[in-house]
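Let's take a walk through this one together, from a few cysteines to a sheet, a helix and some domains. Have the viewer open and follow along.

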Amino acid sequence: MRVRLLSILGYTAAVATLLVALLVPLKLMGGIAAVVAHAGFRIDPMYSGGTALRTLQSAGYKLTIYAPVYPHRLQRGKPFQQVVFEPVQALPAQVTEAIDMNGDGQPDVRVTFRIPSDANAPLHGSVVALNSICQSVPDISNNSFSELLARTGDRIVLRIPLNLK
Amino acid sequence: MGLFLTARLMGYMAFAVVAWLAGAAVPRAWETHRWPMALVNLLLAAAMVAWALGWPRRKCGKAGRSTLVQIDQPVRSRRSSALLLGFLTGINFCPPFLAAGVRAAQLNHLAAALVFFAVFFLGTVVWFAPMAALGLVRRSSAVVAVARMTALLLALWYAGTGLMILAREAFHG
Amino acid sequence: MANAKTTSQPVARSMGRSLLMTLPMALWTLLMFTPGLMKPGLNQHIAAVLTGAFMVWLFYRMLRTGQTYRWRRIFFVALGFLFPVGFVAALLTLRGSMSIPIEHMISGDTPFCYMVIPMLIIPAALTHTLAFPGSILPTPSNPHSIAAMIGLWLGMTLVLGKAWCAYGCFFGGLEEGFASITRRARIRKLDERLRLVPWAVLLAIVLLSAAIFEPVYCMWLCPFKTVTEFPAVHDAETAIQFGVFVLLFTGLVVVLPFLTKKRTQCGFFCPFGAFQSVFNKINIFDIRIDRTRCVDCGLCVVKCPTMAINPESVNKGETLMSCMKCGACVDSCQKDAAVWHIKGTEVGRNPERARLLFLYAAWAMATMFGGSVIANGLSTLLHLIFRG
């Protein structure tokens, strides 16, 4: 009796697996993807740059200041704060900007960089810290996730390393 | 079991204090150089390799009855044995324990090191509880083999990290 | 029904019966490839038709001959070799290079690979963040989003279990191809403990990834970076990374499979394979050894490409947890002792029924996913041949 019951259950599960296989491309795959997408996960800020805090308007372009990103306990990389300049077409050939990073009304860094005509050429610039919040970087380029000046599409992404608290 | 775990926690706390004191004793001047961290990584890698390869090898003799730990004796001896066994296992230098020690040495405050090791202790209790119940770790040669191989792989990681730090120190200063 | 192994031209069932039983799979294939036929471009249409016909023909041959392994292998090798063709072509179109610059990582344009999944679990559980420079949702520049790939992987895993490694993975076919070149293995004696290495690699990368919030396997240990994409080489560290990828690919995917006729990367290194093995515990299909027929000749142990069967397991009448249901042992057994099986049922009572139920499910997945990848690669090849 038990053997027969197990056998019935086994075949039922096998047929159910076949039915699941038919559902995978039709409903299941998309359903699981939707659950994952709405589960509230976000990409690690060391990669994504963190969450946008505020946007400042400058001469024809805007700067978006992001929240400081601190690496996890053993994660490689330094703490940094991201600033995004966009759109690239509205930027002058040389950008010099004094940026208030922490929103206290006082500029914390002065950044300078040139925009090459070749969209694929790497960017180079300099970051001068005006106080102890940020670190100065004489030649900033696309070196690492936490010390970065790079062009992505229509934006210039700048990541300024912060001093540890 | 309560006595054993309490004594084990005491062992963890004692190691946390020693590790933090060792970290605090590192001169400030050394903080600008990363070679001590490189050295620690390399030593940790060596310890992991030694453990993975089964060194030191000790075999108990036929009369290998402990005079210190006697859990099959009357109650008073059992209690003291549990305390001693707990404390000794609490300062057992297994690779994860050493890695946690390195981390504790880097923390700014002694309290942080103690909390870190308290959490580490909780993690090991949770991790090992089912293993103790099932006796898996000691009985399964496959599990032991995987653990040793993992230790070797992690040793490679620590060795690689240490060598890269040394290389950066040498080339960039 | 003739014994499939005692005749030189193995026949399990008549042509008419085989064609009839292939019909549902042919309809499924048509359903799966209709979107491909809707895409513009003669190359896409030709590739879709050829691939669809290829998949249906292989399924027909599996039914007609009663054998699984040799037909599945043809599909799998095609998948392994054509995936990089389509993937790399897409990369070259998008960014002109196989290397991933940091700009693409920070903008979430890194395609997500299912092999990252085990490394994401602990960091995601602890911090609700995904330690991977990709996108959660698809974007125009990155259709291989995290959510989509997890949906695909989990859906297929619920059906296949560890059989993902024989019917789903688009990397394993490369080494299966190299392992098939020679008739006899040059190296025949392999340490049993090698099959435990994937578990050690899995444990190591999961622990390290949880500690440093990086996909450690992708950054340091994935051999297939050599034929897909890799972090742009710009300093000593990235140069060493690339060197490790090439070394592992050459050794584990090309040379060792050629010498041993085993899938050495899959069976003796891949941590994702170890992770998938866990799902074998809940999968209803497995392969068993009928002890009333087995004569302990050891042929199944020799033929298994990943050492997922050993004398101890044969004695117990089962395969190990790492069995990917490729069918090599079943097809090689001269006594019909190695059999397809549905858990809960009597071993050896109706193995062909178990095999058919498994094959319909597994081949449906293979056609859906692997078939589309093959069609994409074929379309790229046609474009290169005719357009240059």
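Start with A:Cys134: its relative accessibility is just 1%, so it counts as buried. Keep in mind that you're looking at a predicted model. Now hop over to chain C and find C:Cys218, which is buried too, at a relative accessible area of 8%. How far is the sulfur of C:Cys218 from the closest cysteine sulfur? That neighbour sits in C:Cys222, and the gap is 6.4 Å, too far for a bond. For a disulfide, the two sulfurs would have to lie within 2.5 Å. Search the whole structure, over all chains, and the disulfide count comes out at zero.

Back to chain A, for some strands. Strand 6 of chain A covers residues 109-114, and its side chains alternate. On one face you'll find A:Val109, A:Val111 and A:Phe113, which are buried. A:Arg110, A:Thr112 and A:Arg114 point to the other face and are not buried.

Strand 6 of chain A has pairing partners to look at as well. Strand 5 of chain A, residues 94-99, runs antiparallel to strand 6 of chain A, with six bridges between them. As one example of that pairing, A:Gln94 has A:Arg114 as its bridge partner. Strand 7 of chain A, residues 125-129, also pairs with strand 6 of chain A in the antiparallel sense, this time over five bridges. There, A:Val111, one of the buried residues from the alternating pattern, stands opposite A:Val127.

Next stop is helix 6 of chain C, residues 146-160. Does its length fit, or not fit, what 15 residues at 1.5 Å each should give? The expected span is 21 Å and the end C-alpha atoms are 20 Å apart, so the two agree. Twelve of the 15 residues are buried, which means that the helix is largely enclosed by the rest of the structure. Among those buried residues are C:Trp153, C:Met149, C:Met156 and C:Leu160.

Check the ends of this helix, too. At the N-terminal end, C:Ser145 acts as a cap, with a side-chain oxygen 3.3 Å from the backbone nitrogen of C:Ala148. Past the other end, the helix is followed by C:Gly161, which has a positive phi, near 65°.

Finally, zoom out on chain C. The domain assignment splits chain C into domain 1 (10-75 + 353-388), domain 2 (98-283) and domain 3 (284-349). Domain 2 of chain C and domain 3 of chain C have their C-alpha centres 27 Å apart. Their contact draws on 22 residues from domain 2 of chain C and 19 residues from domain 3 of chain C.

How values were computed. Residues numbered from 1 in each chain as written. Chains lettered and ligands numbered in written order. Predicted model: local features only at pLDDT ≥ 70, side-chain atom pairs only at ≥ 80, totals over all residues. Heavy atoms only, no water. Buried < 20%, exposed > 50% of the residue type's maximum accessible area, 1.4 Å probe, protein only. Helix = DSSP H or I, 4+ residues; strand = E, 2+ residues; numbered from the N terminus. Pairing = 2+ DSSP bridges. Expected span 1.5 Å × (residues − 1). Polar contact = N/O pair within 3.5 Å; in protein donor to acceptor, adjacent residues only side chain to side chain. Domains from an automatic or database assignment. Contact = heavy atoms within 4.5 Å.
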